[in-house]
Amino acid sequence: MGTTIQTLEHNLDIAEIRRQFPVLNQQVNDKPLVYLDNAATTQKPLAVIDALKNYYQKDNANIHRGIHTLAERATADFEKTRDAVKTFIGAEYREEIIFTKGTTEGINLVAQTWGRANLKEGDEILLSAMEHHSNMVPWQMIAHEKKALIKIIPINDAGELLMDEYEQLLNSRTKLVAVVHASNALGTINPIKQIVQLAHRHGAVVLIDGAQSTSHLDIAVSDWSADFFVFSGHKVYGPTGVGVLYGKRALLEAMPPYQGGGEMIGEVRYDGFTWNELPYKFEAGTPNIADVIALKAALDFIDVLGKQNIRSYENSLLQYAYSKLEHLEGLRFIGTAKEKVSIQSFVFNDIHHQDLGIILDKEGIAIRTGHHCTQPLMGRLAITGTSRASFAVYNTIEEIDRLEAGLKKAIKLFR
Ligand code: PLP
C-alpha cells in the first residue's frame, strides 16, 4: 500500500499548495513544523490573509446602512460571501444563510430560538454518542428548562452509529435530532441523508453539525433536506470568529430572533419593535465584516482545488498513516469506522496522551491530545482521552513519516 501512495495518485500540486501557507514554513523547537492539528483549526492560505488585509487597508466601513463608497464596497463584499456559502453548501436561498461566530453559536442560536419556541415537557431530543460538547450542552440547557428528554443514539466499538437503534429511538415525541456529520474525535462520517429521512418520517427536525465535514466532504443541505446545518470558518481554511448557520427558510421565518440590537429590527418604538426580514433578523449588531469577507477567499481556495481531489488526497494520507502507525508496539487506534474523514485518534496503554503531545512538540510536531470536547464519548470508550492526528490538504507523507519517528522516540523514552 505504501508504494502506491508514495507515487501520489492525485491531481494536486502539494508543494504549490504549501507555498500558499506561509505559517507551515517555520521551525518549531529547531525542527521543521509538522502541523497535524487541523481538526482543531486549519491554517490560512495567503488569499485569506490578503482578503483580511485588503479589507482593512482599503474598504473598512460599517455595512448595510452606509451610503458612502466604502460602506457600499464593504456591504457588497460581505453579501458576496453569503452567495458563495449558499452555493458551497447547496442551499436554495441566500436568505437561509445566517452569519454567526462559529458552529457553537449556530447551535446555541437554534436551541435558544427554535428550541425555546417549539420544545415542551416530555418532548425528546436525539443526540449521538459522539457529539462534540457544542452539540450537547446547548440541548442540555434548553431540555432542562423545558423539561424535555435527551436520548443518545449509541455507537459500536469502531465508532459507527447503530442505525437500527436510532430508528427504534424515533417516535412521535422526537422533536429534534442533532448529529455530527463527521466526528472530530473519531473521524466517522455519519450517513446524514438516511438520518434526515428517518427523522422526517417521524416529523422531527434535524440539525447537522458540519464543523468537521465542510472542508472535506460535499455538502448538499437542500438535497439532504437538512433543517439546520452549521459550520465554522476557521476549520475550512478561513478566519476565526465567523461561522454559518443554514436553516430552511420556512423554519427560520417561524423562529423568533436570537439577539436584539441594530440590524435585526424592522422598526423600534419606545414600547416595542418589529423585526427585520431574513437573514438580518438573526444578525444583530455589527457583524464580523472582515472575517465574513475573507471566508469567501477560503471557500474559493477549496473550490479551486476541488473537494473530490482534496478528499481523495487526504484519504491516501489517512491510509498511509494507518500503514505506518499500526505496527507501533502498544498503539491502539480509536475510531475505525469504514467511512472516515482524515482524522486518526490513538492511545497507548502505558503512555499518557499528554506526555506524548509534549514529546512530539519537542520534535516540531503538532497534534491534539485530550478528550477533544467529547467527554461522554471518551466515557463510552472507557478512555480519558486520545492523541489525535488530523490531516489537511497541505500535509504530506513525509510529515507522517516524521510522526512515526516521533512516536518511536516516545516509545523508547517510556519503555
Ligand atoms: N462540533 C465539532 C464536531 C467540532 O469539531 C467543533 C470544534 O472542534 C465544534 C463543534 C465547535 O466549533 P467552534 O469552536 O468553531 O464553534
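User: In this predicted model, a pocket is an open set of grid points with protein on both sides within 12 Å along at least five of seven lines, and lining residues have an atom within 4 Å of a point. Which residues lie nearest the centre of the largest pocket?

Analyst: The lining of the largest pocket comprises 21 residues. Those that lie nearest its centre are His132, Asn184, Gln212, Lys235 and Cys373.

User: Which helix gives the most to the lining of the largest pocket?

Analyst: The lining residues divide into five nonpolar, ten polar and six charged. Three residues of the lining come from one helix, spanning residues 103-118, and no helix gives more. That helix is H5.

User: What takes the space of the largest pocket?

Analyst: About 290 Å³ of space lies in this pocket. The largest pocket is the space taken by the ligand.

User: How many residues of the shell around the ligand are polar?

Analyst: The residues around the ligand include Thr103, Thr104, His132, Ser134, Asn184 and Gln212. Two residues of the shell are nonpolar and two are charged. The polar ones number eight.

User: What percentage of the ligand's accessible area does the protein cover?

Analyst: Polar side-chain atoms of Thr104 and Ser232 each lie 2.6 Å from an oxygen atom of the ligand. For His234, a side-chain N or O atom is 2.7 Å from a ligand oxygen atom. On its own the ligand has 400 Å² of accessible area, and the share covered by the protein is 84%.

Notes
Residues are numbered from 1 along each chain as its sequence is written. This is a predicted model: local features need pLDDT of at least 70, side-chain atom pairs count only at pLDDT 80 or more; totals for chains, interfaces and linings use all residues. Side-chain values use heavy atoms; hydrogens and water are left out. A residue is near a molecule or strand if one of its heavy atoms lies within 4 Å of it. A polar contact is a pair of N or O atoms within 3.5 Å; within protein, one must be able to donate a hydrogen and the other to accept it, and residues adjacent in sequence count only if both atoms are side-chain atoms. Accessible areas come from the Shrake-Rupley method with a 1.4 Å probe; for residues, only the protein chains shown count as cover. On a 1 Å grid over the protein atoms alone, a cavity is a set of points where a 1.4 Å probe fits but cannot get out, and a pocket is an open set with protein on both sides within 12 Å along at least five of seven lines; lining residues have an atom within 4 Å of a point. A molecule sits in a cavity or pocket if more than half of its atoms lie within 2 Å of its grid points. Ala, Val, Leu, Ile, Met, Phe, Trp, Tyr, Cys and Pro count as nonpolar, Asp, Glu, Lys and Arg as charged, and the others, Gly among them, as polar. Grid points are joined across faces, edges and corners, and a volume is the space filled by probe spheres set on the points. Helices (H or I, at least four residues) and strands (E, at least two) are DSSP runs, numbered from the N terminus.
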